[in-house]
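Q: Could you walk me through this one before I start on the figures?

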Amino acid sequence: MQQVVDYGSLVDGLFERGASSVGLDFLAHPFWDKYIEFEERVEAPEKIFAILSRVIHIPMHQYARYFERFRQLAQTRSLAELAPQETLSQFRAELDAASGQVAPGAKADAEVERDLRLRVDSYHLEIFSKTQTETTKRWTYESEIKRPYFHVTELDEGQLSNWKKYLDFEESEGSYPRIQFLYERCLVTCAHYDEFWQRYARWMAAQPGKEEEVRCIYQRASCLYVPIANPATRLQYAYFEEMSGRVDVAKDIHEAILINMPDHVETIVSLANMCRRHGGLEAAIEIYKNQLDSPQCDLATKAALVAEWARLLWKIKGSAEDARQVYLTNQQYYLHSGAFWSSYLSFELEQPTSASTENVQYERIKQVIEDVRSKSSLTADTVKDLVQTYMVYLLERGTKDAAKEYMTLDREVHGPASVSQTKTGAAGQVVEQANTTTPAVVPSDVPPQPTPYPYFQESPVNGSVDA
């Protein structure tokens with residue numbers, strides 16, 4: 001026997017899916033027009049009225065047109081279709097109370113229905129007034145939306161600011177369906193902006209029982225929309241999965257980021273910290289060692305990781321001496337890294353001291369500055385910044401001879417060229433030769449000669465520190 005397909009119900013189901021996706025849009029009138037047009041074709045006036053009963057509550061651009069048609073159709077519909085049963089019962093009770101002086105049966109049923117319909121019509125006008133007010137509230141934000149569709153070009157700051165303000169407004173109104181719909185609509189336009197994905201996930205996380213919805217938001221952002229060059233959302237996704245007890249998934253997310261961005265320091269540090277939280281200090285140190293041995297990491301990244309490794313030993317293990325040995329062992333490989341030397345100096349400056357240990361710590365800090373000036377390959381501006389930090393230390397924590405050292409450094413670092421000497425020792429001689437040597441002029445008809453100093457780069461070696 002051939003199966004009969006109810007195409008009307010099938011199309012109705014498709015329209016309902018559309019209503020859940022775009023029905024609350026401020027410019028959703030083309031969709032609702034098509035929905036009503038379909039029901040007119042199949043001659044279903046009760047469904048048309050039911051659709052209009054929904055639409056008159058939605059703040060949208062052409063809300064008044066739908067209300068006028070709803071009001072016209074309401075005159076031909078039964079009272080049961082015009083309002084919820086509780087509302088009709090309340091209106092009947094009010095009318096009965098108002099006509100308490102009239103003898104029972106004095107009013108005909110038609111007159112009672114007429115009064116009830118007038119009351120229901122006033123109820124509908126109240127709905128119209130409320131929808132009109134809600135539409136007016138949103139009109140300012142809607143009028144500022146210049147690009148409601150997705151495009152690869154960036155949005156200007158005014159557009160981004162308008163979406164933020166619109167979301168703030170809708171959240172203050174407190175309607176979950178409308179807030180969620182506006183976020184989804186916003187992310188059509190702002191799909192490449194991770195700040196909106198993270199905001200959506202944070203808002204959803206604040207709603208009770210929405211853990212799976214939050215996971216879905218992070219997955220859509222991480223796997224489909226936010227460029228891999230912006231890993232912040234993926235890291236937030238990893239923290240969410242860790243919070244949910246899925247540590248292996250969180251670790252996989254970190255490793256997936258590093259496949260595409262092997263030099264991303266924040267991700268490496270985040271992975272090390274997560275491994276420490278669940279596997280102890282040794283697990284975190286192993287992450288740093290593996291990355292330092294990796295040929296995919298450049299020297300700048302490795303310099304930052306050495307500093308993080310030392311910080312881990314200092315802050316978590318509580319061993320400042322182990323951290324200091326990491327700096328001392330590795331400094332020869334990162335002579336050009338301002339981040340490494342800045343971290344090294346900050347480490348020594350932040351060590352707690354007392355009256356009896358201040359002199360020892362002073363010698364350590366002074367040695368860092370001497371190494372910066374005599375051994376490092378830092379630029380003159382970077383050296384000046386580090387020395388200036390040391391000069392502030394001298395004034396705040398130095399001994400009675402600190403002023404003399406301060407003035408000497410001030411002359412050598414900030415003085416005119418005739419008396420200044422930012423770097424000392426071999427490093428200073430290299431700078432001086434670079435400033436005084438006159439470059440040879442090569443005639444244009446002579447081919448360039450190969451440099452006698454071929455470039456080479458050393459690979460750093462991990463410091464052997466007992467953890």
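A: What follows goes from the overall make-up of the chain to its aromatic rings.

Q: Sure, but what kind of model is it, and how many helices and strands does the chain have?
A: It is a predicted model, and its chain has 22 helices and zero strands.

Q: What share of the residues is buried?
A: Of the 467 residues in the chain, 39% are buried. The accessible surface of the chain comes to about 26600 Å², and 53% of that area belongs to carbon and sulfur atoms.

Q: And what about contacts across the sequence?
A: If one takes the contacts between residues at least 6 apart in sequence, 59% of them join residues at least 24 apart.

Q: Switching to rings, how many aromatic pairs are there?
A: The count comes to 31 aromatic pairs. One of them is formed by Tyr183 and Tyr200, which are stacked at 4.8 Å centre to centre, with 10 degrees between the planes.

Q: Where do those two tyrosines sit, and are they buried or exposed?
A: Tyr183 lies in helix H9 (residues 176–189) and Tyr200 in helix H10 (residues 194–205), so that the pair, 17 residues apart, links distant parts of the chain. Both Tyr183 and Tyr200 are buried.

Q: Which residues form an aromatic cluster?
A: One cluster is formed by Trp314, Tyr327, Tyr334, Phe340, Trp341, Tyr344 and Phe347.

Q: Which charged end sits over the ring of Trp314?
A: That is the charged end of Lys315, 4.1 Å from the centre of the Trp314 ring.

Q: And what sits over the ring of Tyr66?
A: There the charged end of Arg65 sits over the ring, 4.6 Å from its centre.

How values were computed: Residues are numbered from 1 along each chain as its sequence is written. This is a predicted model: local features need pLDDT of at least 70, side-chain atom pairs count only at pLDDT 80 or more; totals for chains, interfaces and linings use all residues. Side-chain values use heavy atoms; hydrogens and water are left out. Helices (H or I, at least four residues) and strands (E, at least two) are DSSP runs, numbered from the N terminus. Buried means under 20% relative accessible area, exposed over 50%, partly exposed in between (1.4 Å probe, protein chains only). Contact means heavy atoms within 4.5 Å. Accessible areas come from the Shrake-Rupley method with a 1.4 Å probe; for residues, only the protein chains shown count as cover. Rings of Phe, Tyr and Trp (its six-membered ring) pair if their centres lie within 6.5 Å; planes under 30 degrees apart count as stacked, over 60 as edge-to-face and the rest as tilted. A charge sits over a ring if NZ of Lys or CZ of Arg is within 6 Å of the ring centre and within 35 degrees of the ring normal.
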